[in-house]
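I sat down with this one and a coffee to see what I could look up. My notes are below, in the order I took them.

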Amino acid sequence: MQFKSHARTLAIALSLALIAGCSSTGGSRDGSMDGTRADGGVGTGTAGAGQVSGTGVSGDRAGQQADGRIPDVRTIYFDFDRDTIRPEFESVLVAHARYLRSNGNARVVLQGHTDERGTREYNMALGERRANSVKRFLEVQGVSPSQLQVVSYGEERLAVRGNSEDAHAQNRRVVFAY
Amino acid sequence: MKALMTIWLSAMLLLFSSLAQANLTIEITRGSDRATPIAIVPFSADGESLPEDVAQIISDNLERSGYFAPLPRNAMYDRPTSGDEVRYGQWRALDVRYLVVGQVSRAADGYRIRYELMDVSGQRRMLGESVSAGSNELRSGAHYVSDQIFEAITGIRGAFSTRIAYVTAQGTDQDMQFGLYVADADGHNSQQVLNSREPILSPVWSPDGRKLAYVSFETERPAIYVQDVGTGQRAQVASFDGINGAPAWSPDGRRLAMTLSKDGQPDIYIMDVGSRNLERITNNSSIDTEPAWAPDGRSLIFTSDRSGGPQIYRYSFGSGQTERLTFTGNYNARGRLSPDGEALFLIHRSNNGFQVARQDLGSGRLVVISETRSDESPSVAPNGTMVIFATQQGNSGVLGAVSADGRASYRLPSARGDVREPAWSPFLN
């Protein structure tokens, strides 16, 4: 028992030290969105796209990151006509939840997207449903609602053009935009 | 003649192409087998070189409607320009049922167009008129003449003097440029209404044809704006938390139905444009969106997935009751009623993909009327004869148009980028 509590104290101390070291990153953003575009997932969107099949490797990596850094994987994908979180992406959400809980000033916009099939305004609503799914998951993980905002882009910001099932799959996503 | 016309049109497009221009060309994809043969003889020009070929504009208008099959010019032996020059026997031999002849001359303030519409089998003049057009209004004059001819023969008011609004999108996904434009119904005379780096969607014309309501993401969230097309002045009317979308004008122009998700999930609300007061229409856990008014203002149709997938419903103001309208297939959305309120045009998902369909509200029978596969956003012409919509051609977004009976169709591609989100104006004259 004693060993455990020492270890925990040590872990907390280390985390605090890391957070202190990284605070400039969190502070300068201050939760406001960067520049002209709510496209925070630009770089990592590409990385995420290669992991549509969801091996969980990214999740493990995310789990091992210190809580001071925004997790690398910032896009999760959805099945056709669904807004349920796929099991292989739960660890990604858990990593973001951990980051947000540890950085109370951090804000994230959850951007919901759909593939381009179907009507635009209905897709706007579907995209919002997906982002809300993620929001609920994060709140259950203890993230404060005040840190979370939802915006749906429907089919307006496609990540990948084209009519293949593969292209459609890469568009059905929620992006974490810090 | 058609090929030459297309080449001329393309050349003109290249010549005048600039960022502010997003003219649309017309490509006829299908003519109706029921189209009435008509001959529009080239109008005389009094030796002038005119900026527009009035007879060709009339011919193109009538052909595009799907109701008429114009005789090619090279089949015309004779070129009368007035009724008393017409030798009916010749035209009967060509199986032409109607004949249009005319003259364009310069006037002090522009042009004078004289035209006559002849009934070939009856061997009589049906209609004749002299019309004035300003110096820059020769096309408008030709559209007016087209309207008169169309109504005289079909009994239906012509919609050739109307306009369309549409959204363009150019660039790659990291660097897109969006534009909202208005143009003549045949794609000419485009003018830019809005320019943005963020998405624009759902433009709709006010009943007086003066304003557009639309959704813009320029604040990095969707908000509804109302903009006067003539003056450019605009107001942001809805920017609540969540979705602000799918605006639809009431027939009296005083209210906007819209989709707002500020109270938990997307529901239909009605906003009084003057006071900004909101009335909530739907309140349930499903998605309710894409409202549209019935022409008599007594009901609202909208898309709802309350039964598990998107279907179209009608809410009646009098009774407060909501009834489901569509039962064919598992995806029916974005309904728009015909001006007589008896037909519903919508997007229906079939084995072929998402297509424009018409449902006759009396019988409940649904028929797919487009031949393309990734259709969206149908908008009905104010005379109910034609539906314009967005679709794909290869990798490009283009506009398509199909007659209400599905027999005739054409496309309107853009010279640059994708075109989408069309909205047909009300009658403007």
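These entries go from chain A to the contact between the chains, and then into chain B.

**Entry 1: ground rules.** I'm looking at a predicted model, so I keep local features to residues with pLDDT of at least 70.

**Entry 2: chain A.** I started with the secondary structure and got 6 helices and 4 strands for chain A. Reading from the N terminus, I wrote down α-α-α-β-α-β-α-β-α-β. So much for the order; next I looked up burial. Chain A has 178 residues, and 42% of them count as buried. I also checked how far its contacts reach along the chain. Taking contacts between residues at least 6 apart in sequence, I find that 79% join residues at least 24 apart.

**Entry 3: where A meets B.** How many residues does each chain put into the contact? I get 21 from chain A and 27 from chain B. On the chain A side, the elements giving two or more residues are α5 (120-140) and β3 (148-154). Helix α5(A) has the largest share of that side, with 6 residues. I sorted the chain A side by residue class too: 10 nonpolar, 4 polar and 7 charged.

**Entry 4: domains of chain B.** The domain assignment splits chain B into domain 1 (31-154) and domain 2 (163-424). I put their C-alpha centres 35 Å apart. Their contact draws on 10 residues of domain 1 and 9 residues of domain 2. Which element gives the most to the domain 1 side? That is α2(B), with 3 residues. By class, the domain 1 side holds no nonpolar residues, 5 polar and 5 charged.

**Entry 5: a closer look at α2(B).** Having met this helix at the domain contact, I checked its burial. For helix α2 of chain B, residues 54-64, 11 of the 11 residues are buried, so the helix is largely enclosed by the rest of the structure. I went through the buried residues by name, and charged ones turn up in the list, including B:Asp60, B:Glu63 and B:Arg64. B:Val54, B:Ile57, B:Ile58 and B:Leu62 are among the buried ones as well. After the helix comes B:Gly66, where I note a positive phi, near 85°.

**Entry 6: cores.** The largest nonpolar core has 81 residues. Which residues have the most contacts inside it? I noted B:Ala213, B:Met258, B:Val387 and B:Leu399. I picked B:Leu399 and listed its contacts, leaving out neighbours within four places in sequence. The list includes B:Leu24, B:Tyr166, B:Ile388 and B:Ala390, and also B:Arg411, B:Leu412, B:Val419 and B:Pro422. There is a second, separate core of 35 residues, with B:Val96, B:Tyr111, B:Met118 and B:Ile149 among its members.

**Entry 7: first sheet I traced.** In chain B I followed an open sheet of 4 strands, ordered β10-β11-β12-β13 and paired antiparallel. Its edge strands are β10 (200-205) and β13 (234-238), each pairing on one side only. I get an average twist of 25° from one strand to the next. Inside the sheet, β11 (residues 211-216) and β12 (residues 223-228) pair over 6 bridges. For a landmark I took B:Val215, which sits opposite B:Ile224 in β12(B).

**Entry 8: another sheet.** What is the strand order in the open sheet that contains β30 of chain B? I read β9-β8-β7-β30, 4 strands with antiparallel pairing. At the edges are β9 (191-196) and β30 (418-424), and each pairs on one side only. Neighbouring strands here are turned by 20° against each other on average, direction ignored. Strand β7 (residues 163-172) and β30(B) are joined over 5 bridges. Here my landmark is B:Ala169, opposite B:Asp418 in β30(B).

**Entry 9: one loop residue.** Last stop, B:Asp252, in the loop between β14 (244-249) and β15 (255-260) of chain B. Is B:Asp252 buried or exposed? I count 10 other C-beta atoms within 10 Å, and exposed means 12 or fewer, so B:Asp252 is exposed. I also checked B:Asp252 against B:Pro207: the two are 45 residues apart in sequence, and their C-alpha atoms are 7.0 Å apart in space.

Key
Residues are numbered from 1 along each chain as its sequence is written. Chains are lettered from A and ligands numbered from 1 in the order in which they are written. This is a predicted model: local features need pLDDT of at least 70, side-chain atom pairs count only at pLDDT 80 or more; totals for chains, interfaces and linings use all residues. A nonpolar core is a set of buried Ala, Val, Leu, Ile, Met, Phe, Trp, Tyr and Cys residues joined through C-beta atoms within 7 Å. A residue is buried if 20 or more other C-beta atoms lie within 10 Å of its own, exposed if 12 or fewer, and partly exposed in between; C-beta atoms are placed from the backbone. Two residues are in contact if their C-beta atoms, placed from the backbone, lie within 7 Å. Domain bounds come from an automatic or database domain assignment. Two strands pair if DSSP finds at least two bridges between them. Axes are lines fitted to C-alpha atoms, for helices over the stretch in contact, and angles run from 0 to 180 degrees between N-to-C directions.
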